[in-house]
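Hi everyone, thanks for coming. I'd like to walk you through a structure that's probably new to most of you, so have a look at it first.

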Amino acid sequence: WDHFVSINGNYDISEKLGLSFTAGATARSDSYDRSGVSSTGQIVFGVKRHFNYQNQLPLQFSRKRNIVGLLGQATLDYDDFLFLNVSARKDWVSNFQSANNSITYPGASLSFLPTNAFPELKSENGLNFLKIRASYGTSANFDTDSAYPTVGFTEQNTQVFNDGLTGESITTNQVANFKANPDLKPELLEELELGFESKFWKNRVSLDFTYFLKTTNDLIVEEPLAPATGFTLTQSNIGAIENKG
């Protein structure tokens, strides 16, 4: 389920200055469940049914995650040629520890239309439209490969050992090979963008330019562990990734 509630407004502060805003809250619950079987050792060629395989392995994975957030944004426009937008959001997620289960990510953008501010720049067969813009935005990523990466859990295996005396299968329980990381944090994605948009010759020709710098902080990755630790992998926040162009 996904619920969203908001309030918004639009006001003329003066003859040339306008204000619009939105404030709201959201609550979402994500559930994922996979159930199946993997079979190996085909007996009769071409019969692709589970009964025609010697070995069956159950496949089971489930995850449930709740996210609650507060958000707000406001836009100021001056005389239809200068626009400023600011925004912020804060989310809380259920599958991280309480010390790291919330994150705030702000954003802002500024755009200027010289052709509206100075109409003499426009001509029918020359420049028709020009917009210069700059923006900074952030977002969060809560996705993890493990369903519950901050708490340890056990695995149950059935029919993995036959008692030599009775011939019966014994069900076993063991600590998972995944080591929980209670210090795991959500990823923070930042993006800076600069550019312009222009149109010429009765809007028949367009020329656009964009430069962006995108950085992923506190990147969540799988980290292998030495088997001597009793585990084979964990998840950690390691470094950052930067893309630009």
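Let's begin with a term: I'll say salt bridge when a side-chain nitrogen of Lys or Arg sits within 4 Å of a carboxyl oxygen of Asp or Glu. Keep in mind as well that what you're looking at is a predicted model.

Going by that rule, we get a count of seven salt bridges. Let me start with D30. Its side chain meets that of R65 in a salt bridge, at 3.4 Å from N to O. D30 belongs to strand β2, residues 17-42, while R65 belongs to strand β3, so this pair ties together parts that are 35 residues apart in sequence. D30 also forms a salt bridge with R28, and there the closest N and O atoms are 3.2 Å apart. Put those together and you have R28, D30 and R65 linked in a network of salt bridges.

So which of these residues are buried, and which are partly exposed? R65 counts as buried, because its relative accessibility is 8% and the cut-off for buried is under 20%. D30, at 26%, counts as partly exposed, and R28 is partly exposed too, with a relative accessible area of 27%.

Another one to look at is K202 with E124, where the closest N and O atoms are 3.6 Å apart. K202 lies in the loop between β10 (187-200) and β11, and E124 in the loop between α1 (114-117) and β6 (127-141), so here the parts being tied together are 78 residues apart in sequence. As for accessibility, K202 is partly exposed at 41%, whereas E124 is exposed at 55%.

Okay, on to the inside. What makes up the largest nonpolar core? It has nine residues: I67, V93, F96, I103, Y105, F142, L184, L188 and I220. Take I103 from that set. Once you leave aside its neighbours within four places in sequence, I103 is in contact with R89, K90, D91, A140, F142, P186, E187 and L188.

Two of those contacts, E187 and L188, come up again with T216. T216 is in strand β11, residues 205-217. Not counting residues up to four places away in sequence, T216 touches E187, L188, L189, G239, A240 and I241. With a relative accessibility of 13%, T216 counts as buried.

Now the outside. There's a nonpolar surface patch of about 550 Å², made by I13, L76, Y78, L82, L84, V86 and L110. Which elements give two or more residues to it? That would be β3 (53-78) and β4 (82-93), and β4 gives the most, with three residues. L84 is in strand β4, and with a relative accessible area of 36% L84 is partly exposed.

Last stop, a sheet. A quick reminder: strands of a sheet pair through backbone hydrogen bonds, in either a parallel or an antiparallel way. This one is an open sheet of three strands in the order β9-β13-β12, and the pairing is mixed. At the edges are β9 (178-179) and β12 (220-224), each of which pairs on one side only. And how do β9 and β13 pair, parallel or antiparallel? They pair in the parallel sense, over two bridges, with β13 covering residues 233-237. If you want to find a bridge on your screen, go to K179: its bridge partner in β13 is T234.

That's the tour, thanks for listening.

Technical notes:
Residues numbered from 1 in each chain as written. Predicted model: local features only at pLDDT ≥ 70, side-chain atom pairs only at ≥ 80, totals over all residues. Heavy atoms only, no water. Core = buried A, V, L, I, M, F, W, Y, C linked by side-chain atoms within 4.5 Å. Buried < 20%, exposed > 50% of the residue type's maximum accessible area, 1.4 Å probe, protein only. Contact = heavy atoms within 4.5 Å. Helix = DSSP H or I, 4+ residues; strand = E, 2+ residues; numbered from the N terminus. Patch = residues over 30% accessible without salt bridge, like charges linked within 9 Å, V, L, I, M, F, W, Y side chains within 5 Å. Areas by Shrake-Rupley, 256 points an atom, 1.4 Å probe, with all protein chains shown as cover. Pairing = 2+ DSSP bridges.
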